[in-house]
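Open the model in a viewer and keep the sequence panel beside it. The stops below each give a selection and then what is found there.

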Amino acid sequence: MTTVDTSRADPAPPGRRARKLQQSKEHLLHCAWALFEELGYEAVTMEAIAHAADVARGTLYKHFPAKEALIQQRFQDDLQLLRADARAVAPGLPGIAARFLHVFEIEAAYAESMRAYVAPYLYYRLGRQQLSQNSPERDDFECLIVDLIRQGQREGEVGADASAERMAEYLVFLRLAVLTRWLATPAAPLAPHYAEMIQLFLYGAATRAAPAVPPPISKGIQ
């Protein structure tokens, strides 16, 4: 007769484990953000966050390997919600310029409200080379831009010489350049910088069409 060992409780199902991990991350993020707002980002240490959250430092580092990772998580969570709203509204606006402006005005308002944290957020992502990888934040933003470009292509407003994915990738890096420039100009609003970027992205800087590239010269033909 087979004996079933009931001395140990069954492990929690995956759904419960995932929920507990998510709750732990949210608790750590809440405690960290309260300290950031009270003391200033630079003054807060990982040890202080662990103490405020009443967890071991190893638990904190397990979820967030650096203080900047807490900012990245907050930005990712907030922007996913904001972009969901943008995704619901932007496609119904007349023309791709208006759609881009709507998306980037939301981005600008959020960045301005979180200006103290934008620099460490960007430097952390750049330092970890996450811009060249498929990070959740980039995927979320880039997918939205790809969809808007494809809509413009279907409507005949955007050319199909390049793929929507390639054009969206260019815009992602233009956005990074604009953010970096904005950080160097204290008190300047961000939305006008984005508007200028959109103008250049959609219509370019040339006042006339670029000349056709001549065909290559075949060597050996006299």
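Start with the cysteines. This is a predicted model, and it holds 0 disulfides. Select cysteine 31: its relative accessibility is 10%, so the residue counts as buried. Now select cysteine 143, which is partly exposed because its relative accessible area of 43% falls between the limits of 20% and 50%.

**The fold**

Color by secondary structure. The protein has 9 helices and 0 strands, and from the N terminus on the order of elements is α-α-α-α-α-α-α-α-α. Color by accessibility next: of the 222 residues in the protein, 36% are buried.

**Helix α1 and its surroundings**

Select leucine 29, which has its place in helix α1 (residues 14-39). With a relative accessible area of 11%, leucine 29 is buried. Add phenylalanine 64 to the selection. Leucine 29 and phenylalanine 64 are 35 residues apart along the chain, and their C-alpha atoms are separated by 9.3 Å.

**The α2-α3 loop**

Go to aspartate 54, in the loop between α2 (46-53) and α3 (57-63). What is unusual in the backbone here? Most residues other than glycine have a negative phi. Phi of aspartate 54 is positive, near 60°. The side chain can be checked at the same stop: at 70% relative accessibility, aspartate 54 counts as exposed.

Move on to tyrosine 61 in helix α3. Its relative accessible area is 37%, so tyrosine 61 is partly exposed. Draw a distance from tyrosine 61 to alanine 50: the two are 11 residues apart along the chain, and 9.1 Å separates their C-alpha atoms.

**Helix α4**

Select residues 67-89, helix α4. Does the length of α4 agree or disagree with 1.5 Å a residue? Its 23 residues should span 33 Å, and the end C-alpha atoms are 34 Å apart, which agrees. Show the side chains of the buried residues in α4, among them Leu70, Ile71, Phe75, Leu79, Arg83 and Ala86. The buried set of α4 also includes Lys67, Gln72, Gln73, Gln76 and Asp78. When reading such a list along a helix, keep in mind that an α-helix has 3.6 residues a turn, so residues three or four places apart point the same way.

**Helix α6**

Select residues 115-127, helix α6. The 13 residues of α6 should span 18 Å at 1.5 Å a residue; the end C-alpha atoms lie 19 Å apart, in agreement with that value. Buried in α6 are Tyr117, Val118, Ala119, Pro120, Tyr121, Leu122, Tyr124 and Arg125.

**The cavity**

Stay with α6 and turn on a cavity display. How many cavities of 30 Å³ or more are there? The count comes to 1. The largest cavity has a volume of about 190 Å³. Its lining is made up of 16 residues, and those nearest its centre are Glu107, Tyr121, Leu122, Arg175 and Leu179. Select α4, α5 (96-113), α6 and α8 (164-183) together: each of these helices supplies at least two residues of the lining. Which helix gives the most to the lining? It is α6, with 5 residues. By class, the lining has 13 nonpolar, no polar and 3 charged residues.

**Aromatic pairs**

Finish with the aromatic rings. The structure holds 10 aromatic pairs. Select phenylalanine 36 and tyrosine 41: their ring centres are 5.2 Å apart, with 65° between the planes, and the pair is edge-to-face. Phenylalanine 36 and tyrosine 41 are both buried.

For another geometry, select phenylalanine 104 and tyrosine 194. The ring centres of phenylalanine 104 and tyrosine 194 are 4.9 Å apart and the planes stand at 55°, so this pair is tilted. Phenylalanine 104 lies in helix α5 and tyrosine 194 in helix α9 (residues 191-203), so the pair ties together parts that are 90 residues apart in sequence. Phenylalanine 104 is buried, as is tyrosine 194.

For the last selection, add Trp33 and Tyr117 to Phe36 and Tyr41; these four residues form one aromatic cluster. Tyr117 was already met among the buried residues of α6.

Terms used: Residues numbered from 1 in each chain as written. Predicted model: local features only at pLDDT ≥ 70, side-chain atom pairs only at ≥ 80, totals over all residues. Heavy atoms only, no water. Helix = DSSP H or I, 4+ residues; strand = E, 2+ residues; numbered from the N terminus. Expected span 1.5 Å × (residues − 1). Buried < 20%, exposed > 50% of the residue type's maximum accessible area, 1.4 Å probe, protein only. 1 Å grid on protein atoms, 1.4 Å probe; cavity = no way out; pocket = protein on both sides within 12 Å on 5 of 7 lines; lining within 4 Å. Points joined across faces, edges and corners; volume = space filled by probe spheres on them. Nonpolar A, V, L, I, M, F, W, Y, C, P; charged D, E, K, R; others polar. Disulfide = S-S within 2.5 Å. Phe/Tyr/Trp six-rings, centres within 6.5 Å; stacked < 30°, edge-to-face > 60°.
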